[in-house]
Amino acid sequence: MSDEIEIDTDDLKRRMDGAMTALRAEFASLRTGRASASMVEPITVDAYGAQTPINQVGTVNVPEPRMVTINVWDKGLVNKVEKAIRESGLGINPQMNGTIIMLPIPELNEERRRELTKVAGQYAEGARVAIRNVRRDGMEQLKKAKAAGMSEDENKLWHDEIQNMTDSQIKAVDEALEIKQAEIMQV
């Protein structure tokens, strides 16, 4: 391969990995009937005049499989944290015990499980689209390199490398989706 014309595959790989990382974070926020501290990560609380992540106003614990507790450090924020949880769309009714907010995780019914698998599918499709967009950017770099004098053989090698990278990332998304859907449907 020529020294003058180089495609930055490390950048493409990093961006594709970023799409996978974002997908894992979205999957972690999906409620599967089991308690997880990551369920409350996306929730922000209006604290001290700014939107603050819930894990920065209290300690989030999972003492048992169907319970998340939040020990709020500032007693004045307890009601704001409770309100943020109620308005978050998690579908969980917080219970107060002094500065500790308990979130009992109810069993999921069959209909809700099916809805969550569809949501997981949408998240996965978003990740696939992001990966394909990175692939498109790589192919654009290839076109520019070819116009700048890259040989046909070298162009084919880079094309195959970018395509293989894309295929492996899409496969990883599909595998992660299968695992998440099985976890959601597990009773």
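## Close-up views of a predicted model

**View 1. Helices H3 and H4 run alongside each other.** The axes of H3 and H4 cross at roughly 170° and come within 10 Å. Keep in mind throughout that this is a predicted model. Anything over 145 degrees counts as roughly antiparallel, and H3 and H4 are therefore roughly antiparallel to each other. Sort the residues of this H3–H4 contact by type and you get 14 nonpolar, nine polar and 10 charged.

**View 2. Thr117 sits in helix H3.** H3 covers residues 110–147, and Thr117 is one of them. Is Thr117 buried or exposed? With 13% relative accessibility, Thr117 counts as buried. Setting aside residues up to four places away in sequence, Thr117 touches Gln181, Ile184 and Met185. Helix H4 spans 152–185, so this is a close-up that pairs naturally with View 1.**View 3. Helix H1 packs against H3.** H1 takes in residues 9–29, and its axis lies 9 Å from that of H3, at an angle of about 170°. H1 and H3 are therefore roughly antiparallel to each other. On the H1 side, the contact is made by Leu12, Arg15, Met16, Ala19, Leu23, Glu26 and Phe27. H3 contributes residues including Ala120, Tyr123, Ala124, Ala127, Ala130, Ile131 and Val134. By type, the residues of the contact of H1 with H3 come out as 12 nonpolar, two polar and four charged.

**View 4. Helix H1 also packs against H4.** Here the axes are 11 Å apart and the angle is about 10°. That makes H1 roughly parallel to H4. From H1, the residues taking part are Thr9, Leu12, Lys13, Met16, Asp17, Met20, Leu23 and Phe27. They meet a set of H4 residues, among them Trp158, Glu161, Ile162, Met165, Ala172, Val173 and Leu177. The contact of H1 with H4 divides into 12 nonpolar, three polar and four charged residues.

**View 5. Helix H1 has a buried side and an exposed side.** H1 has 21 residues and reaches 30 Å from its first C-alpha to its last, close to the 30 Å expected at 1.5 Å a residue. Which residues of H1 are buried? They are Thr9, Leu12, Met16, Ala19, Met20, Leu23 and Phe27. These residues cover an arc of only 95° around the axis, which puts them on the same side of H1. An α-helix has 3.6 residues a turn, so residues three or four places apart point the same way. The buried residues of H1 pack against H3 and H4, while Asp10 and Arg14, on the other side of H1, are exposed.

**View 6. Helix H2 shows a buried side too.** H2 runs over residues 78–87, with Val78, Val81, Glu82, Ala84 and Ile85 buried. They cover an arc of only 160° around the axis, which puts them on the same side of H2. What covers these buried residues? The cover includes E1, strand E4 (67–72), strand E5 (95–97) and strand E6 (100–104). Flip to the other side of H2 and you find Asn79, Lys83 and Glu87 exposed.

**View 7. Tyr48 sits in a loop between two strands.** The loop with Tyr48 links strand E1 (44–47) and strand E2 (50–53). Tyr48 is not a glycine, yet its phi is positive, at about 55°. Its relative accessible area is 63%, and over 50% counts as exposed, so Tyr48 is exposed.

**View 8. Gln51 is found in strand E2.** Gln51 belongs to E2 and is exposed, with a relative accessible area of 53%. Leaving out residues up to four places away in sequence, Gln51 touches Thr44, Val45 and Asp46.

**View 9. Ala37 meets a stretch further along the chain.** Look for Ala37 in the loop between H1 and E1. How exposed is Ala37? At 31% relative accessibility, Ala37 counts as partly exposed. Not counting neighbours within four places in sequence, Ala37 is in contact with Val60 and Val62. Ala37 and Val62 are 25 residues apart along the chain, and their C-alpha atoms are separated by 6.4 Å.

Notes:
Residues are numbered from 1 along each chain as its sequence is written. This is a predicted model: local features need pLDDT of at least 70, side-chain atom pairs count only at pLDDT 80 or more; totals for chains, interfaces and linings use all residues. Side-chain values use heavy atoms; hydrogens and water are left out. Helices (H or I, at least four residues) and strands (E, at least two) are DSSP runs, numbered from the N terminus. Buried means under 20% relative accessible area, exposed over 50%, partly exposed in between (1.4 Å probe, protein chains only). Contact means heavy atoms within 4.5 Å. Axes are lines fitted to C-alpha atoms, for helices over the stretch in contact, and angles run from 0 to 180 degrees between N-to-C directions. Angles under 35 degrees count as roughly parallel, over 145 as roughly antiparallel, 65 to 115 as roughly perpendicular and the rest as oblique. Ala, Val, Leu, Ile, Met, Phe, Trp, Tyr, Cys and Pro count as nonpolar, Asp, Glu, Lys and Arg as charged, and the others, Gly among them, as polar. The expected span of a helix is 1.5 Å times one less than its number of residues. The arc is that of the directions from the helix axis to the C-beta atoms.
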